[in-house]
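Trainee: Could you help me learn to read the surroundings of a ligand and the setting of a residue?

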Amino acid sequence: MSSRTSPRSKRILRSILNLEDFERVTRSRLPRAVFGYVEGGADDGEACRHNRDVFRSLRMVPRVLRDVSQCNLQTTLFGRTYAAPYIVAPMGASAVVGFNADNAMARAARRANIPFVLSANSITPIEEMARTYPEAWFAAYQHPDERNIVDMCHRVSGAGLSVYMLTADVPVASNRENNVRAGYTMPLRPSVRLSVDAALHPRWLIGTLLRTIRHRGIPRISNFDPTSRPTIFSKTLGGVTGHASFSWRQAEVVRRNWKGPFVIKGLLSPEDARIAREIGADGIVVSNHGGRQLDSAVSPIEVLAAIKAESGTMTVLADSGFRRGTDVLKGMALGADAILIGRPFLYAATLAGEQGVARAIALLAREIGIDLALLGVATPGDVSADMLLGQLPSAAAANAPRKADPLRIIRT
Ligand SMILES: Cc1cc2nc3c(=O)[nH]c(=O)nc-3n(C[C@H](O)[C@H](O)[C@H](O)COP(=O)(O)O)c2cc1C
């Protein structure tokens with residue numbers, strides 16, 4: 001751990017043994033509104049709970065006596081070999097949650113040789129991220145105007161980021177009642193309640209908000225548009241989401257103007273995976289946005305097998321609720337090439353910056369290494385659907401094409 005991590009943070013970090021622990025410890029350190037923004041889902045939070053429940057309903061069948069002395073987590077994505085099969089997911093406004101959180105997450109990811117995805121809604125500009133992690137990935141929400149798309153592709157490729165991810169599941173802002181109740185809005189609207197909330201969390205007020213303002217001025221959403229950078233208080237922000245009129249036609253425009261790997265994030269339907277393949281996407285992220293968009297959405301784990309069957313040669317990624325090494329391996333058994341993880345990495349950055357994220361990355365690598373050995377396989381790619389047994393609760397599992405269905409899953 002770096003000498004800049006306080007002794008108290010070091011002690012706390014040592015007490016953290018898994019990804020869920022980061023949330024438990026961070027909760028009391030953030031204003032209610034800020035913690036709620038990260039933790040919360042849409043409507044009643046059903047999709048968030050469901051994302052965790054589906055993993056509990058899938059058990060694994062280990063094999064024994066297979067010489068697992070050489071387990072290896074390496075994973076190749078878009079021609080580059082990474083150290084492990086997981087990715088830091090794009091998260092907007094991260095720097096409002098933890099000081100310089102985008103750079104902390106990116107530095108730890110680069111050091112560990114795993115991908116980091118910068119959000120369009122980030123306060124850290126693309127060009128700054130390119131200095132922190134030159135081959136970081138970028139996740140766009142953008143205006144449907146063709147000129148805007150072309151200029152955004154040029155801006156990202158000019159900076160040198162390597163993968164263009166189009167986030168497709170936020171055509172409108174979802175219904176986040178928890179944010180309304182806690183007083184979180186974007187653009188941020190100062191209120192007595194927010195001020196009291198902040199004052200009750202002086203570590204966040206001084207260590208994140210005031211420190212950010214001292215270093216950067218008023219935070220600006222930096223990557224939503226090729227040129228403009230509205231502050232988080234700006235009325236022109238109009239909520240930070242994709243655009244309701246953005247369609248497959250504009251996705252094709254991105255495809256034509258982005259020469260590197262192009263990934264579409266936020267698919268849950270095999271039919272959409274087929275369209276993504278047909279327009280020439282190189283990859284997809286099967287995701288319900290961590291339960292933050294449609295509260296009744298299926299969980300990616302329930303549709304992965306069916307989507308894999310439609311994906312052809314596209315790289316299939318997944319996220320939403322993955323926390324344990326076994327969760328990552330279950331996703332990969334059902335067809336994912338790698339898994340994105342969101343909230344725990346942001347909590348880790350909030351708690352202890354780069355060192356916190358490094359701890360999160362290392363804990364997960366350790367778990368996956370142990371799990372591989374206990375399953376009797378050498379690499380995450382060797383975990384197959386016939387090592388899973390259980391019940392997928394959603395009807396989506398019953399609709400999965402037979403050929404791609406996990407052989408031993410009992411369908412309800
Ligand atoms: C605070 C926060 C902000 C997010 N912002 C974005 C974003 O700007 N773009 C995007 O594609 N996904 C965004 N997501 C979704 C994540 O990329 C990812 O899909 C989700 O967090 C995965 O679920 P998990 O947090 O349960 O691991 C955000 C998630 C969180 C928690």
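Mentor: Gladly! Let's begin with classes: Ala, Val, Leu, Ile, Met, Phe, Trp, Tyr, Cys and Pro count as nonpolar, Asp, Glu, Lys and Arg as charged, and the others, Gly among them, as polar. This is a predicted model, where local features need pLDDT of at least 70, side-chain atom pairs count only at pLDDT 80 or more, and totals for chains, interfaces and linings use all residues. Residues are numbered from 1 along each chain as its sequence is written, and side-chain values use heavy atoms, with hydrogens and water left out.

Trainee: How do the residues of the shell around the ligand divide?

Mentor: There are seven nonpolar, 10 polar and five charged residues in that shell.

Trainee: Which polar atoms lie close to oxygen atoms of the ligand?

Mentor: A polar contact is a pair of N or O atoms within 3.5 Å; within protein, one must be able to donate a hydrogen and the other to accept it, and residues adjacent in sequence count only if both atoms are side-chain atoms. Here a polar side-chain atom of Arg323 is 2.8 Å from a ligand oxygen, and one of Arg343 is 3.0 Å from a ligand oxygen. Gly342 uses a polar backbone atom, 2.9 Å from an oxygen of the ligand.

Trainee: Is Leu267 buried or exposed?

Mentor: Buried means under 20% relative accessible area, exposed over 50%, partly exposed in between (1.4 Å probe, protein chains only). Leu267 is buried because its relative accessibility is 3%.

Trainee: Which residues does Leu267 touch?

Mentor: Contact means heavy atoms within 4.5 Å. Leaving out residues up to four places away in sequence, Leu267 touches several residues, including Trp248, Ile284 and Ile307.
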